[in-house]
Amino acid sequence: MEEIQSQSDNYRSSSSSASSPASRVPSSNFFYLRKPGSLRQPISFEDSPEWEDTDIDVRVEEGGDSINIATTPASPSLSKLNSGSLPSPPLPEGAVVVRKIAGASVVWKDLTVTIKGKRKYSDKVIKSSNGYAFPGTMTVIMGPAKSGKSTLLRSLAGRLHHSAKMYGEVFINGAKSHMPYGSYGFVERETTLIGSLTVREFLYYSALLQLPGFFCQKRNIVEDAIHAMSLGDYANKLIGGHCYMKGLPRGERRRVSIARELVMRPHILFIDEPLYHLDSVSALLMMVTLKKLASMGCTLIFTIYQSSTEVFGLFDRICLLSNGNTLFFGETLACLQHFSNAGFPCPIMQSPSDHFLRAINTDFDRIIAMCKNWQDEHGDFSSVNMDTAVAIRTLEATYKSSADAAAVESMILRLTEKEGPLLKSKGKASSATRIAVLTWRSLLIMSREWKFYWLRLILCMLLTLCVGTVFSGLGHSLSSVVTRVAAIFVFISFTSLLSIAGVPALLKEIKIYASEESNQHSGAFVFLLGQLLSSIPFLFLISISSSLVFYFLIGLQDEFSLLMYFVLNFFMCLLVNEGLMLVVVSLWQDVFWSILTLVSIHVLMMLAAGYFRIRNALPGPMWMYPLSYVAFHTYSIQGLLENEYLGTSFAVGQVRTISGFQAIRSAYDISSDNNSKWENLLILFLMVVGYRILVFVLLHFRLGKDKSVHKFFQCNQDKKSTSTSTR
């Protein structure tokens, strides 16, 4: 205790000069907050006016979406400010106002989250946290890096990672029930947007994926979301830009990601770091927009690392975390009073969030060690001489014994003693609708992504022209057979290898799917079928254009049925290669490692395809089994050669002739059966299906654990609520 007292005295002395009357600046530089029922006026943190304390009694009426807000006397240690959550002017004691809302109350009690270590669940990320959130308010979870902010947010939304375990209780409208589809929205810190769509298009396709009903109704919902997030000036602009046009700034992109969740009109909105990578102006605009959204009745809960003074003034309640410990929960100015009571008053000229993080961020200890023997022109670094570990222990002990913690427990008890109306699911779009929407959206993206699609088509045409001109003028003599086999091998192998240029586009599609699937906007089967249907026109365009150029430059047989088989075979080859790329991209989810893996696989398949050495002569253990049977090059080249040479004959001298099968058998291993080329085409088709099934399994394996954990928590909460009601 002596150590704590000495550290507190040092810190108090270092901040006293900044807060002394002699050093005060005019009131225009003070922190701005609004008293209920009055205009915005400057308020000093240290000398805030003595407003009458009020507490909120929230009672949810059964059979309706209304909430009763009554004012009752509160403990004197509660906040000196209610930042807009109460009506204005203040109501007399006992008065009741009914307000229509779209939100829901959220309460968490004794919430503890552990992360799985090497042997057991030992590392506590969140330790016995208590709190609540009301409709029409903004509740912020603040703390330094790795303090447990995102973990607490995810535990409230039921989106913890499979390696985490949650203990404690979460109540929605006073009931231990999970939040059904459409009743809440969750915005990740890093959200993948589609840069080739406009803001209005992106939100409209998101509405089609999420909501049932008619298209005209969804347009009105999209316009409402655009208006709610103040995106009217950017509605018709491409998110990622085009050619020399810049895309949306970071702030507007962040608002687009939030607007996507507003399409469902959720009761509760969880946002992980809404100010992530935003400058001060964009951050203030974002928070004003969210404040306007909260005023419409939505319950907002989000995490934040640091904020400016103006942004801090918009918060209703704050949950302050450090190393998983709750150092404070309550209203914003009450947090300042809590720090002052603990011996760490906030200087007038310092931002509250800066002051909080300065006191509880252990990274500052390294700065103290660096600055220990330094001196600047004004003297030593007296403002950074506080031990953060001591400050954390002091703040935690002060909060646990304060009236603020008792008031939180009392409010939790009142919010959970009676169950309100359960949240209902708003319904989903049908699978057929989602497949159609994803297919059409992907086609639109392909038509605009010139770097990944149209440039790929141009490169394939250039490669085909190069190969065709190199092997042109072969004739139809027996001596041209070996050279024509080489031409077909080079054409199939190199065009397949060139298709790896589409890896960035596929990786973007996988990331978009992961983002949409996490919010149940899409599914693995719907995504794969939509991706397949949308890729068919583009791949068929590549196959027919390249095949026509190659077929006539090389001088293959001039017969329409043989030409159509060539196009169909090459088209199947491209589809198989697309499936292989999807498998590798789903595994790595990284451009560099995906391209490196695909190049290695293609080289191995080319070596085992039977051109450099006839398939029957390959070494058995590895090259023949399984590589030559796994390589799609083998079946594509074999089918094309059978299509070209079966049923033909070549003259040897003036009297003797040999069949096309005999002429080619020394250069490539093919079958003499006329139906063999169709069998090879069938094998390619089965490979197309097989690779898609493998991708389906990988996507389910990758995301299935998080789903199962989410359902496990929901089932546990349902069982507990059932047993409680039975008792």
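Two strands count as paired here if DSSP finds at least two bridges between them. Keep that in mind as you open this predicted model.

**Stop 1: the hairpin partners.** Select residues 317-322, which make up strand 13, together with strand 14. The two strands run antiparallel to each other and are joined over 6 bridges. For one rung of this ladder, pick Leu 321: its bridge partner in strand 14 is Thr 326.

**Stop 2: the whole sheet.** Now widen the selection. Strands 13 and 14 belong to an open sheet of 6 strands, ordered 10-11-12-8-13-14, with mixed pairing. At the edges you will find strand 10 (184-187) and strand 14 (325-331), each pairing on one side only. Going from one strand to the next, the twist averages 15°.

**Stop 3: helices on the sheet.** Add residues 149-157 to bring in helix 2, which packs on the sheet. Helix 2 touches strands 8, 10, 11, 12 and 13, and its direction makes about 155° with that of strand 12. Next, select 332-341: this is helix 8, also packed on the sheet and touching strand 13 and strand 14. Its direction makes about 130° with that of strand 14.

**Stop 4: a nonpolar patch.** Move to the surface and select Trp 450, Trp 454, Leu 455, Ile 458, Leu 459, Leu 462, Leu 465, Leu 541 and Leu 553; together they have about 760 Å² of accessible area. Helix 14 (450-470) and helix 17 (524-554) each give two or more residues to this patch, and helix 14 gives the most, with 7. Finish on Leu 541 in helix 17. Its relative accessible area is 34%, so this leucine is partly exposed.

Terms used:
Residues numbered from 1 in each chain as written. Predicted model: local features only at pLDDT ≥ 70, side-chain atom pairs only at ≥ 80, totals over all residues. Heavy atoms only, no water. Patch = residues over 30% accessible without salt bridge, like charges linked within 9 Å, V, L, I, M, F, W, Y side chains within 5 Å. Areas by Shrake-Rupley, 256 points an atom, 1.4 Å probe, with all protein chains shown as cover. Salt bridge = Lys/Arg side-chain N within 4 Å of Asp/Glu carboxyl O. Helix = DSSP H or I, 4+ residues; strand = E, 2+ residues; numbered from the N terminus. Buried < 20%, exposed > 50% of the residue type's maximum accessible area, 1.4 Å probe, protein only. Axes fitted to C-alpha atoms, helices over the stretch in contact; angles between N-to-C directions. Contact = heavy atoms within 4.5 Å.
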